[in-house]
Amino acid sequence: MTEPQPHEEFPPIRKGGSLILAWQIRNKKVLIVGGGNVAAGRIVNVLEADAKVTVISPRSGLIPEVAYRVEEGQVEYVDRTFIEDDLEGVDMCLTAIDDPEASREIYKLCKARRIPVNVADVPPECDFYFGSQHRDGALQIMVSTNGNGPKLANLIRRRIAEALPARTAEAIDKVGQLRRKLRRRAPNIEEGPKRMRWMIKVCDEWSFDELAELDEETMEKILDGYASETVPSSPSRTFFKCGALGRDAVWYTAVTASFVAGALSSFMWARRRGYSTNEWTGFDGVLTRPHCYLNGETNVYVCSD
Ligand SMILES: C[C@@]1(CC(=O)O)c2cc3[nH]c(cc4nc(cc5[nH]c(cc(n2)[C@H]1CCC(=O)O)[C@@](C)(CC(=O)O)[C@@H]5CCC(=O)O)C(CC(=O)O)=C4CCC(=O)O)c(CCC(=O)O)c3CC(=O)O
Ligand SMILES: NC(=O)C1=CN([C@@H]2O[C@H](COP(=O)(O)OP(=O)(O)OC[C@H]3O[C@@H](n4cnc5c(N)ncnc54)[C@H](O)[C@@H]3O)[C@@H](O)[C@H]2O)C=CC1
């Protein structure tokens, strides 16, 4: 028999992974059994997703962080060990206890009720695993090693977070605003493909820093190009493409010129005060291509290449 050949065009199926999703658990009822360190991490994860959380654990077993969340009313709390009735109306159950037998029992009860469950100390009895998470504004990145090396997941997550462009979260926030504005201007369902093509162009054309800087006025200006499916060049590119752009180029060149003027005067000011470029921008990394950074507070356009 011949081995199946990989298809040239379609991705191969690599078995044995997990389905990684962004679970919408807002206002759903999550039961956390246990009040130790692992439970404390779980509580943060589900509260950040706006779930309604109930913690079950004898008070003597609560670590200070969990006791604090109970005291602050961030979670409901029941001061005893788990009983079957605790699963009533529960949408998700997380156990983080030091009692493997009780864990197994809770797992079986959840399965009988079709409640998705994570048993922290028994990977085969998990419907889903947690992962190492980076959170910055609306951005969430989760690293999973699928049960092989949780500490490595932690180290990999840190490296990924360090490599992200500065102001990623602000750029995401502004793109979110722009997309909502676009939906108001062009609400029709049939325009979906055009909306998507245009948003892709905007994200490709404008750098993260430039997106992070977008204000209401500039957003409206960019949106004016939607009808004709054009995206004005970003301020940094306009310098090099003025001739081809016509009217918009004049507008953007004026904006860029004001940034440059601001940068020069701030530079002179900083020279007098003895500041270095990196102190303004907070950026110390090596960039692979010339790039520009805007300092929101002083409106300085600093090129660090
Ligand atoms: C399968 C999984 C199920 C689940 O928990 O959902 C699971 C299982 C187990 N972890 C154990 C131990 C440790 N877990 C961590 C840390 C984390 N563990 C997390 C997830 C997961 N852990 C899921 C797989 C995720 C993946 O593979 O990528 C993280 C990513 C997320 C989180 O928990 O929120 C979080 C880092 C959070 C962050 O950094 O951001 C550390 C390191 C430390 O504590 O510093 C150690 C000690 C070192 C070590 O043992 O490797 C043991 C006991 C083993 C034993 O008894 O020997 C078991 C049970 C077993 O493996 O049998
Ligand atoms: N998945 C993961 O990332 C990790 C999992 N673990 C495992 O997770 C488990 C919990 O770890 P820690 O939080 O460090 O434990 P811990 O010993 O600090 O806390 C255990 C908690 O469970 C409570 N508890 C025990 N039996 C209970 C019951 N029947 N009902 C309600 N509450 C009960 C205790 O009061 C205590 O609050 C351990 O089995 C550990 O091996 C440990 C490290 C990481």
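Is glutamate 170 buried, partly exposed or exposed? At 38% relative accessibility, glutamate 170 counts as partly exposed, and the third view below shows its charged partner. The model is predicted, so please read each close-up with that in mind.

**View 1. Helices α5 and α6 pack roughly antiparallel to each other.**
Here we look at helix α5, residues 168-185, together with helix α6, residues 192-205. Their axes come within 12 Å and cross at roughly 150°. Because angles over 145 degrees count as roughly antiparallel, α5 is described that way relative to α6. The crossing of the two helices is right-handed. On the α5 side, the residues in the contact are Val175, Leu178, Arg179, Leu182 and Arg183; from α6 they are met by Arg195, Trp198, Met199, Val202 and Cys203. Sorted by character, the residues of this contact comprise 7 nonpolar and 3 charged, with no polar ones.

**View 2. Two salt bridges link separate parts of the chain.**
Side chains of opposite charge can pair when their charged atoms come close. Arginine 26 forms a salt bridge with aspartate 50, and their closest N and O atoms are 3.4 Å apart. Arginine 26 sits in the segment before β1 (29-33), while aspartate 50 belongs to the loop between α1 (37-47) and β2 (52-56). These distant parts of the chain are 24 residues apart. Aspartate 50 is partly exposed, at 38% relative accessibility.

The other pair joins arginine 113 to glutamate 88, with 3.6 Å between the closest N and O atoms. Arginine 113 is found in the loop between α3 (100-112) and β5 (117-119), and glutamate 88 in the loop between β3 (76-78) and β4 (92-95), so this salt bridge ties together parts that lie 25 residues apart in sequence. Arginine 113 is partly exposed at 32% relative accessibility, whereas glutamate 88 is exposed, with a relative accessible area of 54%.

**View 3. Arginine 167 pairs with glutamate 170.**
We now return to the residue of the opening question. Glutamate 170 forms a salt bridge with arginine 167, and the closest N and O atoms are 3.1 Å apart. The value of 38% for glutamate 170 makes it partly exposed, because that class runs between 20% and 50% relative accessible area.

**View 4. Shared partners build a salt-bridge network.**
Lys181, Arg185, Glu216, Glu220 and Asp224 are joined into one network by salt bridges that share partners. For the wider picture, the count comes to 16 salt bridges.

Note on methods: Residues are numbered from 1 along each chain as its sequence is written. Chains are lettered from A and ligands numbered from 1 in the order in which they are written. This is a predicted model: local features need pLDDT of at least 70, side-chain atom pairs count only at pLDDT 80 or more; totals for chains, interfaces and linings use all residues. Side-chain values use heavy atoms; hydrogens and water are left out. Axes are lines fitted to C-alpha atoms, for helices over the stretch in contact, and angles run from 0 to 180 degrees between N-to-C directions. Helices (H or I, at least four residues) and strands (E, at least two) are DSSP runs, numbered from the N terminus. Angles under 35 degrees count as roughly parallel, over 145 as roughly antiparallel, 65 to 115 as roughly perpendicular and the rest as oblique. A crossing is left-handed if the near helix is turned anticlockwise from the far one by less than a right angle, and right-handed if clockwise. Contact means heavy atoms within 4.5 Å. Ala, Val, Leu, Ile, Met, Phe, Trp, Tyr, Cys and Pro count as nonpolar, Asp, Glu, Lys and Arg as charged, and the others, Gly among them, as polar. A salt bridge is a side-chain nitrogen of Lys or Arg within 4 Å of a carboxyl oxygen of Asp or Glu. Buried means under 20% relative accessible area, exposed over 50%, partly exposed in between (1.4 Å probe, protein chains only).
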